[in-house]
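Trainee: I'd like to take a close look at just one part of this protein, the sheet. Could you walk me through how its strands are put together and what sits around them?

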Amino acid sequence: MKRLSRRENGLLSILVVLSLLVLVGGQLPEPDLDGWLGAILGPVLTALHRGPYSELVDFVSGLATLIGLVVAFKQSGAAEPSDDGGTRRDRSIPPPPTVPAVAPPPAVPSSPYATSRFAFRHQVERDFLGRETELDWLDRAWAAGLHIVSIVAWGGVGKTALVAHWLHTRFFARDFKPIDGLPAPAAYFDWSFYDQGTVPAEDNSAARVGSVGSFFERALVHFGDPDPNRPGQGERLAGLVQARRTLFVIDGLEPLQAPPGSARPGRLLDPDLENFIRALLQRNPGLLVITSRQALPDLEGAAALCDQRDLHELARASAIRLLRQFQVTGTEDELAAACERFGCHALSLTLLGRFLFDAHGGDIRCIDRIDLHNADLATPDRHRTAWKVLAAYEDWLCPPPSARASAPRPAGGWAWSAAGRTWRRIAGSLRGRRDPQAADAPRARRRTLAVLRLTGLFDRPASPECLAALRAAPPIRGLTDALTGLDEDGWRALLRGSERARLIRLSTHPGGALGLDAHPLVRDYFAEQVRLHLPAAFAAAHARLFDHLCTATPHRPDDLEGLQPLYQAVRHGCLAGRQQEACEKVYRERILRGTGPGGNYSTFKLGAIGADLGAVAAFFDAPWVRVSPNLAEPDRAWLLNEAAFRLRALGRLTEALGPMRIYGESEVQAERWTNAAIGYSNLSELELTRGLLPDAVTDARAAVAHADRSGDAARRMISRTTAADALHQSGETAEAGRRFAEAERMQRELQPQYPLLYSLRGFQYCDWLLAPAERAAWRVLGGAGFQPAIMTAATVPPASPVPTVGPPPVPDAATAADPDGLAPTDPLAACIDVERRAAKMFEWRVPTDTLLDIALDHLILARARLLRALLTGHLPPPGPDPEALAAVAGLRQAGMMHELPRALLTVAWSQALSGDPDAARAALDEALQIARRGPMPLFEADVLLYRARLGGGASRPPFGDVATAARGQDAPAPSSPQADLAAARRLIEHHGYGRRLPELEDAEAALQVATADWGTPNAD
């Protein structure tokens, strides 16, 4: 005789125990049955689910129903008095056990009323925007007599908000009075099978209501059924609803639907609910509104009676308006990019808006610092949180082992609510007719959950190659083992099914391979779950991706697109705990191509400031304060400077100040003097842009001292130009000139073939040289101390052709500065000298020149030419200056937002003189916006000065808009130069902006002359 295996012995033992349970259960009275089943069969179910006999779970669940049937049959077969005084036995299937009598329901009032359980009546979406098309669709459905409408979307898109807003605006707010074209309902009822956080977690009486029994009991009582617990609840409720024009709302139906990965996703799991919906589909004088994450297959093919629609994310305009409601500040383009990044998903944008306002004053540029999980936790007053929505997804796909044993039982007792369905499963199992797809459903759901967890490893769309690396053998325990044995066809089918369930988005790559992406909310949630609960798998997966991307990517790609896999590799390496390797071998060696001469390739040649900052952020445990301790100390200090430099370039000056100062101080403590000089030079330039002029001068002098201690000749020269520029802006003109002259002598010694200061240093020197010419040009326009030199259109000689790029012809002239470099000797000579210097920059152009260098060369050339034209009375030709536009475009491409206002000011002046006040105003507006967001108070003062002196669009310009009058054009609309000059004075005095003080005084004097002659600029 063949011996039974251990598995077979265990199976036989379980069957014997279960047989005994049937016998024991059959002897119990019905009132004790529920407690006994929960105490005995609950642990059995849990043990089977966790052990090797998980296929018996359905069998044991059915056994509970069988026990209930045995008890019910035994009690119903007891002797009952007959009509003739004897006894009889009813051999038919008995009715369910009697239930306690309920109080008769109140009469249904003539006006509609709602239950108090669900919060639709009290739920007002303060942040509801847009959805006009969907609201009109619901109006038409109610008016036209559709039987059912179903709104389908994944969590957080706004299904519940849409229905709630429609109900409030069309019914509740009007106390159900008729609206033109919309009949009033005779009855109303709503229910949610998933509260999605609409009630507080501590409210135990209003916990999640996934129980269909509670739904039928409350609904039947509401509509006047005298015995709501009798069988046939679905048909009876449908009949009551069909008796009058009823508006019936079922929100969050998905807990009662088969989840993705099932044999038939979306099908209703409860027969009574299925009967109820099918009955209303056939006949319904009112309207049933359903919201769910999944479409209902039962509604397919009935387009004449129902309408099932996907609810897409918000339109971009509505999404931007939503962020504006949270007082998020930024340009339209920046807000649009943020909305696109978060998929215009209403709940995500709400989290984003609240978090940015609370943590960063609403600055959209801080979007890279948002952690959706922390943002979710930071709103404890908001019960409908994103994390609860996503936790429900996880439970929905893969419920915990004890879920069946502990799930709330429907009203009416264990046996009667699911007897038919469960008995069919038991009979099918006993006959060996179990559906193989149904048997594989738990595995399919685990695979779907594995796909979602994979999305949490990425911060961007996952390529087919990265997914293949993760699925490769050996499996990553806890993460990809559910995908073991899945061939390519099965993998594609799994992805397609998840896409149909709106859990992921697929993209097709060459060869038909599938990449996937998920909403950032989904990615962040599952990243957090894997990191917390599967830490070993989390590290192993990121390490595998790091190795794959480093191997599969060319060593040093030439363009930004080619660098993307390396940026991605840096992040995965850091998350795998391999920060040092990611820093040295990927970021510094392959992305930057080193940091010496010709290095920083991605930054200076490609202008990839934002991408670089994203890579640097991966090394921080807390941006921008604490770098990962897995890095060597010099690298930690260096990364602080990397972050600060890029934050400054992006105009995020307040964030940049802290890490830049920490870097400089740490390098001084380590006595790395060259790095200390770099740190303090950068700090001085940042403080100058922030308007902290005394600090800028102090730290620039410290940079000179550190550079001298280092002995680095190039750094000694650069630090002196930094100090000279800070002194120049502070109004210390003579000392600034000495510093510039000293730096240029060092430059000639260091590189005799390039005897002039170039790059940023050359621009700063030229800015100092042109300062007197700029003041003189404004005085020419304003008439303060000079007679206006601009001629009328008839007397202006033809302008010489201006090249689009490259240097213009420059007249011969001696140098504009005196031998000691203390001050320019003549404004016009200064313009000529600067034009010659700019011509040399184009002549010396080499392939390693950075985008910033080239843009600044165009800018200084445009400024010198404009000033020379004004001083000589030769207006520039109509239209924008191509050199100024090239400077703006170059600075944008370089990503140097902290330098962009300089170019915009020159463009505004050029456009105003060429007779295009609208373009001039647009340039000034953009420069002012950048300056105020920085904050960059010195640039803000510049903009205000420019705007006032250009007339600000005044109808009678205080400075005489000669160019406009000469060309016979109408003047722009009125504005207030007085207010601009007053604001400029406050900024100049507060920040010690001595460089602009003489120009301000000239402008104020010219304004007094103008107002004395005209009265007021805006007078009729």
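Mentor: Sure, let's start in the middle of things. Strand E3, residues 148-152, is joined to E7 by 5 bridges, and the two run parallel. You can pick out one facing pair yourself: valine 152 stands opposite aspartate 310 in E7. In general, strands of a sheet pair through backbone hydrogen bonds, and they can do that either parallel or antiparallel.

Now zoom out a little. E3 and E7 belong to an open sheet of 5 strands, and if you read across it the order is E4-E5-E6-E3-E7, with parallel pairing. Which strands stand at the edges? They are E4 (187-192) and E7 (306-310), and each has a single partner strand, so one side of each is left without a neighbour in the sheet. As for the twist, neighbouring strands here are turned by 10° against each other on average, if you ignore direction.

The sheet has a helix to look at too. Helix H6, residues 212-222, lies across E4 and strand E5 (246-251), and H6 runs at about 165° to E4.

Before you trust every detail, remember that this is a predicted model. The protein averages a pLDDT of 76, and 69% of the residues score at least 70. Over residues 30-35, though, the pLDDT is below 50, and that stretch has 9 contacts in the model beyond near neighbours in sequence. Residues 380-384 also stay under 50, with 16 contacts beyond four places in sequence. Where pLDDT is low, the predicted coordinates should not be read in detail.

To round off the picture, here are two helix pairs to set beside the sheet. The axes of H19 (residues 464-471) and H22 (residues 535-552) come within 9 Å and cross at roughly 130°, which makes H19 oblique to H22. H19 passes H22 in a right-handed crossing. In that contact, Glu465, Cys466, Ala469 and Leu470 in H19 meet Ala541, Arg544, Leu545, His548 and Leu549 in H22. Sorted by class, the residues there are 6 nonpolar, 1 polar and 2 charged.

The other pair is H39 (residues 937-949) and H41 (residues 977-991), whose axes come within 8 Å and cross at roughly 150°. Those two are therefore roughly antiparallel to each other, and their crossing is left-handed. Residues making the contact include Leu944 and Leu945 of H39 and Leu987 and Ile988 of H41. By class, the contact of H39 with H41 has 12 nonpolar, 1 polar and 3 charged residues.

How values were computed. Residues are numbered from 1 along each chain as its sequence is written. This is a predicted model: local features need pLDDT of at least 70, side-chain atom pairs count only at pLDDT 80 or more; totals for chains, interfaces and linings use all residues. Side-chain values use heavy atoms; hydrogens and water are left out. Axes are lines fitted to C-alpha atoms, for helices over the stretch in contact, and angles run from 0 to 180 degrees between N-to-C directions. Helices (H or I, at least four residues) and strands (E, at least two) are DSSP runs, numbered from the N terminus. Angles under 35 degrees count as roughly parallel, over 145 as roughly antiparallel, 65 to 115 as roughly perpendicular and the rest as oblique. A crossing is left-handed if the near helix is turned anticlockwise from the far one by less than a right angle, and right-handed if clockwise. Contact means heavy atoms within 4.5 Å. Ala, Val, Leu, Ile, Met, Phe, Trp, Tyr, Cys and Pro count as nonpolar, Asp, Glu, Lys and Arg as charged, and the others, Gly among them, as polar. Two strands pair if DSSP finds at least two bridges between them. pLDDT is the predictor's confidence in each residue, from 0 to 100.
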